[in-house]
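Take a look at the model below and turn it around a few times. We'll start with its pockets and then move on to some unusual backbone spots.

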Amino acid sequence: MLNELFNLLKEFSESSGPSGYENEIVKLISMKLKPYVNEVWIDRFLNIIAKKSGEGKNSVMIYAHMDEVGLIIKHIDEEGFLTFETLGGLDAKILPSQRVKILVNDGFITGVIGCKPPHLQTQKEMETPYKIEDLFIDVGASNKKEAESWGIKPGCAATLERNLEKIGKGNLVSGKALDDRVGCAIMIKVAEEVAKEKFDYDLYFGGTVQEELGLRGSRVMAFSVTPSLGLVVDTSTAGDFPGLTLKKAPLKVGAGPGVIIMDSGFMATEEIKNLIISTAEEEKIPYQPVVIKGGTTDAAFIQLTKEGVPVGSLAVPSRYTHSTIEIVSLEDMANTVKLIVAILKRLNAEKLNALNKPKLI
């Protein structure tokens with residue numbers, strides 16, 4: 001399974017899909033899901049919804065967001081250099097010297113985020129962190145007119161460019177957009193693993209868009225398909241490297257998927273928490289309970305849809321989140337697949353009805 005997950009993740013990670021501009025990754029994930037479900041469609045917002053038909057009136061949905069943090073072109077100066085704003089939470093300090101792909105109608109244009117060399121910086125400049133407004137993209141154009149002739153204009157999106165690579169001699173990998181192409185790869189692998197299973201509920205797979213801009217895609221999707229149970233798969237910041245501690249960020253890479261008890265926008269119910277944790281313990285799958293106040297996932301809005309949706313949130317630990325060298329463990333990904341498959345096999349109409357039935361007092 002590890003090699004299959006690596007190959008999926010590499011293909012997904014190296015595809016473009018900045019928030020609001022997810023067309024390329026949407027096409028790829030739709031194609032990957034199609035062999036394992038009865039139907040796939042794309043809603044008005046560009047979310048992917050795939051359905052594996054079962055029996056009964058209940059439904060379960062697995063979610064992963066497809067978008068990645070990126071850039072949007074703001075202005076082209078007369079010399080052909082581009083200024084930009086960020087799409088999602090990117091730290092300006094990591095951007096200088098990065099290579100980017102600017103998405104244009106007929107493909108992409110490669111550029112670099114340039115900066116003043118240290119030889120020509122004052123001492124004050126050396127000690128002052130860059131701000132977004134200080135940065136620019138050099139696409140090799142001689143002037144504004146040439147850049148525009150290549151299809152570049154304000155509103156074009158750009159994605160940071162980096163290949164996925166295995167690091168060290170274990171099962172750790174590093175690359176860009178692992179938040180949340182990791183979840184997308186897990187979702188596809190789960191679909192493959194249960195393709196021949198017979199469930200007494202409909203099983204949906206949802207790829208959401210614009211998560212990095214405020215969980216927008218999930219708000220739309222949750223109204224079109226309101227499941228009896230939702231399982232969101234994302235990444236979450238690990239605290240197992242210098243500069244952070246497990247006290248601050250209680251996830252360790254390689255120690256199993258995180259089970260989110262609470263984050264800044266989500267609180268798991270006792271029933272869902274017990275379902276996930278008891279399944280992990282019975283199957284001897286390593287897991288990490290997580291309480292963290294920084295960040296949230298699509299689970300925050302899915303949980304609050306209509307009368308409320310029972311939702312579980314799983315997080316693959318990730319180092320260096322929202323950079324081009326994010327690190328995750330393939331073992332953590334495989335254990336997340338195993339945990340989700342085990343949960344799906346334990347569910348039936350009785351259990352799903354119980355999760356959604358009002359409690360009489």
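**Pockets and odd backbone**

The largest pocket holds about 400 Å³ of space. Among its 21 lining residues, Ser-236, Thr-237, Gly-294, Gly-295 and Thr-296 sit closest to the centre. A pocket here is an open set of points on a 1 Å grid over the protein atoms alone, where a 1.4 Å probe fits and protein lies on both sides within 12 Å along at least five of seven lines; a lining residue has an atom within 4 Å of a point. Volume is the space filled by probe spheres set on the points, with grid points joined across faces, edges and corners.

Before going further, a word on the ground rules. This is a predicted model, so local features need pLDDT of at least 70 and side-chain atom pairs count only at pLDDT 80 or more, while totals for chains, interfaces and linings use all residues. Residues are numbered from 1 along each chain as its sequence is written, and side-chain values use heavy atoms, with hydrogens and water left out.

Back to that pocket: strand S13 (residues 229-237) gives the largest share of the lining, 4 residues. Strands (E, at least two residues) and helices (H or I, at least four) are DSSP runs numbered from the N terminus. By class, the lining has 5 nonpolar, 10 polar and 6 charged residues. Nonpolar covers Ala, Val, Leu, Ile, Met, Phe, Trp, Tyr, Cys and Pro, charged covers Asp, Glu, Lys and Arg, and the others, Gly among them, are polar.

Now swing over to the second largest pocket, at about 310 Å³. Its lining has 16 residues, with Tyr-21, Leu-103, Val-104, Asn-105 and Gly-107 nearest the centre. Helix H2 (23-33), strand S6 (99-104) and strand S7 (107-114) each chip in at least two lining residues, and S6 has the largest share with 3. This lining splits into 7 nonpolar, 6 polar and 3 charged residues.

Next, the backbone. Most residues other than glycine have a negative phi, and most peptide bonds are trans. Ala-177, not a glycine, has a positive phi of about 65 degrees, and it lies in the loop between strand S11 (172-175) and H5. Ala-177 counts as buried (under 20% relative accessible area with a 1.4 Å probe, protein chains only), because its relative accessibility is 7%.

Asp-179 and Asp-180 are joined by a cis peptide bond, with omega about 10 degrees; Asp-180 belongs to helix H5 (residues 178-193).

Finally, Gln-210 is another non-glycine with a positive phi, about 55 degrees. Look for Gln-210 in the loop between strand S12 (202-208) and helix H6 (216-224); at 13% relative accessibility, Gln-210 is buried.

Technical notes:
Buried < 20%, exposed > 50% of the residue type's maximum accessible area, 1.4 Å probe, protein only.
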